[in-house]
Amino acid sequence: MSDRRAVLAALLSLTALPALAAEDGSRVEPVALPFVVKAMRGPGSDVALSVATSGLLPVARAPAGASADPKATGNTAPPSVVVVWGEGGGAVLSLEGDRLRTTLIGAEAIEGFAAAETPRGAVPGSRRALDGPLSAYLTGPTRALGGAPGQGTVLTLRERQPVGVTAEPKAVPVTTQTLAPGDGRVFAGRTPHITRLEGRPAVAAVTAQGPAVSGLAVAAKGTDGVWTLRAQTPPQAGKGPEGAPLALAAIADFTGSGQPQIAAIRAPDGEGVLQLWRIADGTLSLAVEVPGYAGPVAGEAADLAAPVPRGGGAPPDLVLPVAGRSAVAVVSLKSGSPVERVRLPLPAPAAHGVAVLDAGGTAKTILVGLADGRLVAVSAP
């Protein structure tokens with residue numbers, strides 16, 4: 001590990017660009033970068049966690065008492081960072097007080113972090129989700145969409161087990177379990193999301209049944225330590241020309257009920273529909289859906305939605321693009337029905353990502369990667 005850090009450290013460019021401060025609460029401001037943005041990863045992603053806990057970036061070092069291992073458990077959390085990159089380099093966006101700080105990193109370093117988000121054996125181009133000792137990702141052939149059960153893409157769950165203190169070095173034991181959705185379905189090429197149900201880990205993922213039908217599935221870990229599929233939605237047809245699958249937008253307790261809900265976009269191509277799904281008693285029930293929002297284009301894995309933490313115990317909002325992706329909206333789901341707090345017009349369509357930087361559990365800055373390769377920021381309303 002020390003050799004790897006030494007090599008990556010030599011590749012870093014620790015040039016901090018001037019901090020950005022919006023003049024008002026709704027003005028979208030460009031973030032100056034010396035490269036065209038091609039990819040973006042928000043807080044909680046594999047890349048962002050790796051960068052934030054690597055110790056390589058002064059602005060991204062974990063606070064005192066926080067673990068340097070992104071798979072470790074505990075009450076401390078790594079700092080909130082967003083990572084963007086393109087041809088010729090990358091950058092880490094973080095908060096310095098209420099201001100946005102940008103630190104450039106070398107191309108070789110970011111390539112190493114990005115490559116690690118697709119584990120060995122995972123579906124090519126897919127990404128894993130991380131939360132403490134748990135990782136979730138897709139494995140198996142992707143060509144079997146709509147084929148017989150067990151012949152297509154499955155959800156793989158790996159958990160690092162505790163290791164007692166020993167005098168000699170000891171390999172960390174890892175348990176692995178795979179789940180198939182059955183009923184002619186496979187898991188689709190969307191990054192899984194990790195959450196908690198009734199105090200235990202759970203994973204939500206998108207399923208597909210043929211090229212034009214998709215749904216949601218939730219896997220949960222029982223008291224016996226065994227993972228099972230807790231709930232699935234009925235199959236839903238897409239509206240796009242290729243029947244694009246559902247986009248899993250975000251998971252959070254948007255309503256303040258004490259249990260997480262799943263926000264999803266049904267027809268990501270064109271006129272999308274925002275859905276809010278409740279998880280209770282082993283079932284997924286549709287709480288509400290409203291048209292006029294957008295998710296990623298079929299075949300792309302950009303994260304185009306994120307929770308907006310409010311702090312003070314208030315439920316988070318959701319930020320996502322509106323139909324056509326010419327603006328992003330901050331939506332409150334507290335009442336169970338979407339209410340837009342603000343709509344922010346963009347200078348180009350949202351394409352590479354939408355992410356939120358927070359401090360102390362309160363959102364400060366929303367970042368959006370645009371289709372023309374620019375990155376813009378706005379103070380969270």
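**Helix 3, outer face.** I started with the face of helix 3 that is turned away from its buried side, and found the exposed residues Glu 111 and Ala 115 there. Note to self: this is a predicted model.

**Helix 3, buried side.** Next I looked up which residues of helix 3 (residues 107-116) are buried, and got Ala 109, Ile 110, Phe 113 and Ala 114. They cover an arc of only 130° around the axis, so they sit on the same side of helix 3.

**Ile 110.** I picked one residue of helix 3 to follow up, Ile 110. Is Ile 110 buried or exposed? Its relative accessibility is 2%, and buried means under 20%, so Ile 110 counts as buried. Then I checked what Ile 110 touches: leaving out residues up to four places away in sequence, I found Val 47, Val 83, Trp 85 and Ile 105. Val 47 caught my eye. It is 63 residues from Ile 110 in sequence, but the C-alpha to C-alpha distance is 8.5 Å.

**Whole chain.** I stepped back for the overall numbers. The protein chain has three helices and 27 strands. Of its 381 residues, 50% count as buried. I also looked at contacts between residues at least 6 apart in sequence, and 51% of those join residues at least 24 apart. The accessible surface comes to about 16,400 Å², and carbon and sulfur atoms account for 52% of that.

**Strand 12 and its hairpin.** Strand 12 (residues 193-197) has four of its five residues buried, so the rest of the structure largely encloses it. I looked for its pairing with strand 13 (residues 200-208) and found five bridges, in the antiparallel sense. One spot to find on screen is Thr 195, which stands opposite Ala 202 in strand 13. How many residues lie between strand 12 and strand 13 in their hairpin? There are two, and Glu 198 in the turn has a positive phi of about 55°.

**A buried loop residue.** Thr 255 is in the loop between strand 17 (247-252) and strand 18 (261-266). I got 16% relative accessibility for Thr 255, which is why it counts as buried. Not counting neighbours within four places in sequence, its contacts are Gln 261, Leu 276, Pro 315, Leu 333 and Lys 334.

**The four-stranded sheet.** I traced an open sheet of four strands in the order 2-27-26-25, with antiparallel pairing. Strand 2 (29-31) and strand 25 (350-359) are at the edges with a single partner strand each, so each has one side without a neighbour in the sheet. From one strand to the next, the twist averages 30°. I zoomed in on strand 25 and strand 26 (residues 362-370): they run antiparallel and are joined by eight bridges. Gly 353 stands opposite Gly 369 in strand 26.

**The largest nonpolar core.** Last stop. This core has 21 residues, and those touching the most other members are Val 319, Val 328, Leu 346, Val 354, Val 356, Ile 366 and Val 368. The elements giving two or more residues to the core include strand 23 (327-332), strand 24 (339-345), strand 25 and strand 27 (375-379). Which strand gives the most to this core? Strand 26 does, with four residues. I finished by listing what Leu 346 touches beyond four places in sequence: Arg 325, Ser 326, Ala 327, Val 328, Val 368, Leu 370 and Val 376.

Methods
Residues are numbered from 1 along each chain as its sequence is written. This is a predicted model: local features need pLDDT of at least 70, side-chain atom pairs count only at pLDDT 80 or more; totals for chains, interfaces and linings use all residues. Side-chain values use heavy atoms; hydrogens and water are left out. Two strands pair if DSSP finds at least two bridges between them. Axes are lines fitted to C-alpha atoms, for helices over the stretch in contact, and angles run from 0 to 180 degrees between N-to-C directions. Buried means under 20% relative accessible area, exposed over 50%, partly exposed in between (1.4 Å probe, protein chains only). Contact means heavy atoms within 4.5 Å. A nonpolar core is a set of buried Ala, Val, Leu, Ile, Met, Phe, Trp, Tyr and Cys residues joined through side-chain atoms within 4.5 Å. The arc is that of the directions from the helix axis to the C-beta atoms. Accessible areas come from the Shrake-Rupley method with a 1.4 Å probe; for residues, only the protein chains shown count as cover.
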